[in-house]
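Colleague: I am new to this structure and would like a close look at a single part, namely how the strands are put together and what packs on them. Please explain each term as it comes up.

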Amino acid sequence: MKQVSFVSGKGGTGKSTVVSSLSLLVKNKMLADCDVDAPNLHLLLDNKVLLAEDFYGARAAVINRDVCLQCGRCRGVCRFDAINESFEIVPMHCEGCGACTIVCPVEAIRLETVKTGQTFVSGTARGTFAHALLDIGADGSGKLVTEVRKKLEQFKKDEQWILIDGSPGIGCVVIASIAGADAVVAVAEPTKSGLSDLERVLGVARHFRISGFVCINKFDLNPEITVEIENFCKNNDFTVIGKIPFDPGVMKALQEYKTPIEAGDQQFTQELENLWQNLQEEMNKKIDMD
Ligand code: SF4
Ligand code: SF4
């Protein structure tokens, strides 16, 4: 089974549109939405949740008020102002560092795990699909992404592919989205900031020795920057596997909660078929070289 993670330096580059569309073209696959802060792949998949579980991805302090002497030592060491004047923990501030538990003279404070989100495994007509939702203000989105991928593994049968809709950015959620993947496909738009974001996210893939490929979305909106992106890729040994032109029909399809393929967009469908064909060929070349 091969895993391909689709990422972007920032949100809104068309990553989920590409993944949801490929989910119609690629046979025998599973799907994961690893953008746990703002998941949206489910909107295009018509999923039926089979398993929903709470995820406990952080720790927070709890004070036993029957034992507490109100000596104030815990407040003195807390660097996050997470203990108020009434010696109550402010959950949104507590980082679970445990410093307060060390200085408490009567062991009135302990750390407890706290719920930070939910994971889901869904059935869809296109394959099993894992996704999650981070609680508002919760930490540990990288851990939640890792849990999404673990959940999907539990449901695997004889699928050949896992298509991962990764998180935007270059932080721990992206690292959790691409760890162990066979390929990373960065979806970028042709803007100066898009090029800068692309360089950074491909740097993350290279750091983890994962083959990086590029899809330029709406490439014809800015031909000059598209050439810059292509030159950057050429000079740094990243292959551009897809160039998708701007198409108002894509937005219209998404407004109706359809992929452009379902909406009958022939050109988009052809571009996605080319992208997938190119990706497979490039991945096979890398295997031959290794
Ligand atoms: S250090 Fe312990 S005893 Fe002192 S105020 Fe904090 S919880 Fe209470
Ligand atoms: S665990 Fe750390 S952040 Fe939380 S209340 Fe204690 S000292 Fe403050």
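Modeller: Two strands pair if DSSP finds at least two bridges between them, strands being DSSP runs of E with at least two residues and helices runs of H or I with at least four, numbered from the N terminus. This is a predicted model, in which local features need pLDDT of at least 70 and side-chain atom pairs pLDDT 80 or more, while totals for chains, interfaces and linings use all residues. Residues are numbered from 1 along each chain as written, with chains lettered from A and ligands numbered from 1 in the order of writing.

The protein chain holds nine helices and nine strands, and its C-alpha trace spans about 70 × 40 × 40 Å along the principal axes. The nine strands make up an open sheet with mixed pairing, and reading across it one meets them in the order β3-β4-β5-β2-β6-β1-β7-β8-β9. Because β3 (48-63) and β9 each have a single partner strand, they stand at the edges, and one side of each is left without a neighbour in the sheet. From one strand to the next, the twist averages 20 degrees.

Within this order, β1 and β7 run parallel and are joined by four bridges. Val7, for its part, has Ala186 in β7 as its bridge partner.

Two helices can be followed where they meet the sheet. Helix α4 (residues 141-154) lies across β2 (29-33), β3, β4 (109-123), β5 (129-134) and β6 (161-168), and runs at about 160 degrees to β5, the angle being taken, on a scale from 0 to 180 degrees, between N-to-C directions of lines fitted to C-alpha atoms, for helices over the stretch in contact. Helix α9 also packs on the sheet, where β1, β7, β8 and β9 are the strands touched, and its direction makes about 175 degrees with that of β9. Contact means that the C-beta atoms of two residues, placed from the backbone, lie within 7 Å.

The 24 residues of α9 (residues 266-289) should span 34 Å at 1.5 Å a residue, and this agrees with the 35 Å between its end C-alpha atoms; the expected span is 1.5 Å times one less than the number of residues. Its buried residues are Phe268, Glu271, Leu272, Leu275, Trp276 and Leu279, where buried means 20 or more other C-beta atoms within 10 Å, exposed 12 or fewer, and partly exposed in between. Among the elements that cover these residues are the strands β1 (2-8), β7 (183-188), β8 (211-217) and β9 (239-244), together with the helices α1 (15-25) and α8 (248-255).

Two loops that adjoin strands of this sheet also deserve a look. Gln70 sits in the loop between β3 and α2 (73-77), and its phi is near 55 degrees, a positive value in a residue other than glycine. Because Gln70 has 12 C-beta neighbours inside 10 Å, it counts as exposed. In the loop between α3 (99-103) and β4 lies Glu107, whose phi is likewise positive, at about 55 degrees, although Glu107 is not a glycine. Glu107 has 9 C-beta neighbours inside 10 Å and therefore counts as exposed.

For the protein chain as a whole, buried residues make up 45% of its 290 residues. Of the contacts between residues at least 6 apart in sequence, 76% join residues at least 24 apart.
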